Amino acid sequence: MKPALAVLLLVFLIPSAHAALPGDTAAGKKLHDANCSGCHDSSVYTRKDRRVNSLDALKAQLQGCGHIAEKHFSETEQQDIVKYLNDRFYHFR
């Protein structure tokens, strides 16, 4: 019984961990599609040797990309993009 209980807890707790991340996924997708996909496609997020391996690294990468692309995202926009990327590709807690 205990392994089954552990699996159930994981099923219920993991989605709530993603929901706790601030931001709006739909708004983040729109921002991403308008500002990020011109430089790279989604394969950069899914390749085995990706550089982003944590939520902090994702946030730092977004800031670096914004700087290189000469884009200034507000704090809310950054949260939205990070939320979208995390929900869609990374699934960090």
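**Exercise 1. Find out how many disulfides the structure holds, and work out why Cys36 is or isn't in one.**

Start with the count: there are 0 disulfides here. A disulfide is a pair of cysteine sulfur atoms within 2.5 Å. Before going on, note that this is a predicted model, where local features need pLDDT of at least 70 and side-chain atom pairs count only at pLDDT 80 or more, while totals for chains, interfaces and linings use all residues. Residues are numbered from 1 along each chain as its sequence is written, and side-chain values use heavy atoms, with hydrogens and water left out.

Next, check the distance. The closest cysteine sulfur to that of Cys36 sits in Cys65, 6.8 Å away, so the two are too far apart for a bond. Cys65 is in no disulfide either, its nearest cysteine sulfur being that of Cys36.

Last, look at exposure. Buried means under 20% relative accessible area, exposed means over 50%, and partly exposed lies in between (1.4 Å probe, protein chains only). Cys36 has 12% relative accessibility, so it counts as buried. Cys65, at 29%, is partly exposed.

**Exercise 2. Describe the make-up of the chain.**

Step one is to count elements: you get 5 helices and 0 strands. Both are DSSP runs numbered from the N terminus (helices are H or I with at least four residues, strands are E with at least two). Along the sequence, that reads α-α-α-α-α.

Step two is burial: 26% of the 93 residues count as buried.

Step three is contacts, meaning heavy atoms within 4.5 Å. Take those with a separation of 6 or more: 79% of them come from residues 24 or more positions apart.

**Exercise 3. Work out how H4 and H5 are placed relative to each other.**

First, the axes. These are lines fitted to C-alpha atoms, for helices over the stretch in contact, with angles running from 0 to 180 degrees between N-to-C directions. For H4 (residues 55-68) and H5 (residues 75-90), the axes come within 10 Å and cross at roughly 125°.

Now classify the angle. Under 35 degrees is roughly parallel, over 145 roughly antiparallel, 65 to 115 roughly perpendicular, and the rest oblique. H4 and H5 are therefore oblique to each other.

Then find who touches whom. On the H4 side you have Leu55, Leu58, Lys59, Leu62 and Gln63, and they meet H5 residues including Ile81, Val82 and Leu85. Sorted by class, this contact has 7 nonpolar, 3 polar and 1 charged residues. (Ala, Val, Leu, Ile, Met, Phe, Trp, Tyr, Cys and Pro are nonpolar; Asp, Glu, Lys and Arg are charged; the others, Gly among them, are polar.)

**Exercise 4. Do the same for H2 and H5.**

The axes of H2 (residues 25-35) and H5 come within 7 Å and cross at roughly 95°, so the two helices are roughly perpendicular. H2 brings Thr25, Ala27, Gly28, Lys29, Leu31 and His32 to the contact, and among their H5 partners are Asp80, Ile81 and Tyr84. The classes here are 5 nonpolar, 3 polar and 5 charged. The buried residues of H5 include Asp80, Ile81 and Tyr84.

**Exercise 5. Locate Glu70 and His91, and give the phi of each.**

Some background: most residues other than glycine have a negative phi. Glu70 has a positive one, near 55°. Glu70 is in the loop between H4 and H5, and at 75% relative accessible area it's exposed.

His91 also isn't a glycine, and its phi is positive too, about 65°. His91 belongs to the segment after H5 and is partly exposed at 44%.
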